[in-house]
Amino acid sequence: MSNDEFRAALARLAAGVVLVTAQEPPLDEDGRGEDVGMTATAFMSVSLEPPLVMVSLRNDSRMDDLLEEQPLWAVSFLAASQRHIAGRFAMKGRISDRLLFEDIPYVRGGTAHAPLIGGALATLECRTEQRVVAGDHTLVIGRVLTAELPSPEGDPLTYFKGRYRHLG
């Protein structure tokens, strides 16, 4: 089996789209760390008791490196109308994260202090419980500390056959 065959097969699995965010630790006592965001489709619920979720991060990516040192992070479940946000944070060779957040409405989570995207269907704040290296990715399992439903009535953004889609 080739990588292309494997990728083509997995593209037939529809997935929800989330934005994973975290705040870098400040460089000095007076500063605030930079916000970092990453679009993910490899995200899932793991356990109800305790409440656990999992996200898969490419090894040595900026988010993987950050979550190795920063245990607090957040997840925003993107709505169909937020396709532009998903695309922006999925770009390779993108501009700084600070500029990516510039015109996107968000609130700062009270627990993880990471951006929670305005208009998201749901938001979670998490603390890393476990990291498992699996091939070229790391599975980050997080305990859910808070869960909110800012826009529960919207339609979800999904990813299928290499493109963002919406239900309907």
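## Helix 1 and the nonpolar patch

Leu10 lies in helix 1, and in this predicted model the residue counts as partly exposed, at 48% relative accessibility. Together with Met1 and Phe6, Leu10 makes a nonpolar patch of about 380 Å² on the surface. Because a residue needs over 30% relative accessible area to belong to such a patch, the 48% of Leu10 is compatible with its place there.

## The loop after helix 1 and the positive patch

Helix 1 spans residues 3-10, and the loop between this helix and strand 1 (15-16) holds Arg12. Arg12 is exposed, with a relative accessible area of 52%, and the residue takes part in a surface patch of positive charge in which Arg12, Arg83, Lys161 and Arg163 gather.

Lys161, another member of that patch, is placed in the loop between strand 11 and strand 12. At 44% relative accessibility, Lys161 counts as partly exposed, whereas Arg12, with 52%, is exposed; the two labels differ because exposed means over 50% relative accessible area, and partly exposed covers the range between that value and 20%.

## The sheet of strands 1, 11 and 12

Strands 1, 11 and 12 form an open sheet of three strands in the order 1-11-12, and the pairing is antiparallel. Strand 1 and strand 12 are the edge strands, each of which pairs on one side only. In general, strands of a sheet pair through backbone hydrogen bonds, either parallel or antiparallel.

On one side, strand 11 (residues 157-160) is joined to strand 1 by two bridges, with the strands running antiparallel, and Ala15 has Tyr159 of strand 11 as its bridge partner. Towards strand 12 (residues 163-166), strand 11 pairs over four bridges, again in the antiparallel sense. Within this pairing, Leu157 has His166 as its bridge partner in strand 12, and Thr158 stands opposite Arg165.

## Backbone features in the loops

Most residues other than glycine have a negative phi, and most peptide bonds are trans. Against that background, Lys161 has a positive phi of about 55 degrees although it is not a glycine. The residue takes this value in the hairpin of strand 11 and strand 12, where two residues lie between the strands.

A positive phi, near 60 degrees, is also found for His113, likewise a residue other than glycine. His113 sits in the loop between strand 7 (106-108) and strand 8 (115-117), where the residue is partly exposed, with a relative accessible area of 39%. A further backbone feature concerns the peptide bond from Glu49 to Pro50, which is cis, with omega near 0 degrees; Pro50 belongs to the loop between strand 4 (43-47) and strand 5 (52-58).

## Phe77 and a contact across the chain

Phe77 is found in strand 6, which covers residues 72-77, and at 28% relative accessibility this phenylalanine counts as partly exposed. Although Phe77 and Thr123 are 46 residues apart along the chain, their C-alpha atoms are separated by 6.2 Å.

Notes
Residues are numbered from 1 along each chain as its sequence is written. This is a predicted model: local features need pLDDT of at least 70, side-chain atom pairs count only at pLDDT 80 or more; totals for chains, interfaces and linings use all residues. Side-chain values use heavy atoms; hydrogens and water are left out. Patches are made of residues with over 30% relative accessible area and no salt bridge: like charges are joined within 9 Å, nonpolar side chains (Val, Leu, Ile, Met, Phe, Trp, Tyr) within 5 Å. Accessible areas come from the Shrake-Rupley method with a 1.4 Å probe; for residues, only the protein chains shown count as cover. A salt bridge is a side-chain nitrogen of Lys or Arg within 4 Å of a carboxyl oxygen of Asp or Glu. Lys and Arg count as positive and Asp and Glu as negative; His and the chain ends are not counted. The place of a charge is taken as NZ of Lys, CZ of Arg, CG of Asp or CD of Glu. Buried means under 20% relative accessible area, exposed over 50%, partly exposed in between (1.4 Å probe, protein chains only). Two strands pair if DSSP finds at least two bridges between them.
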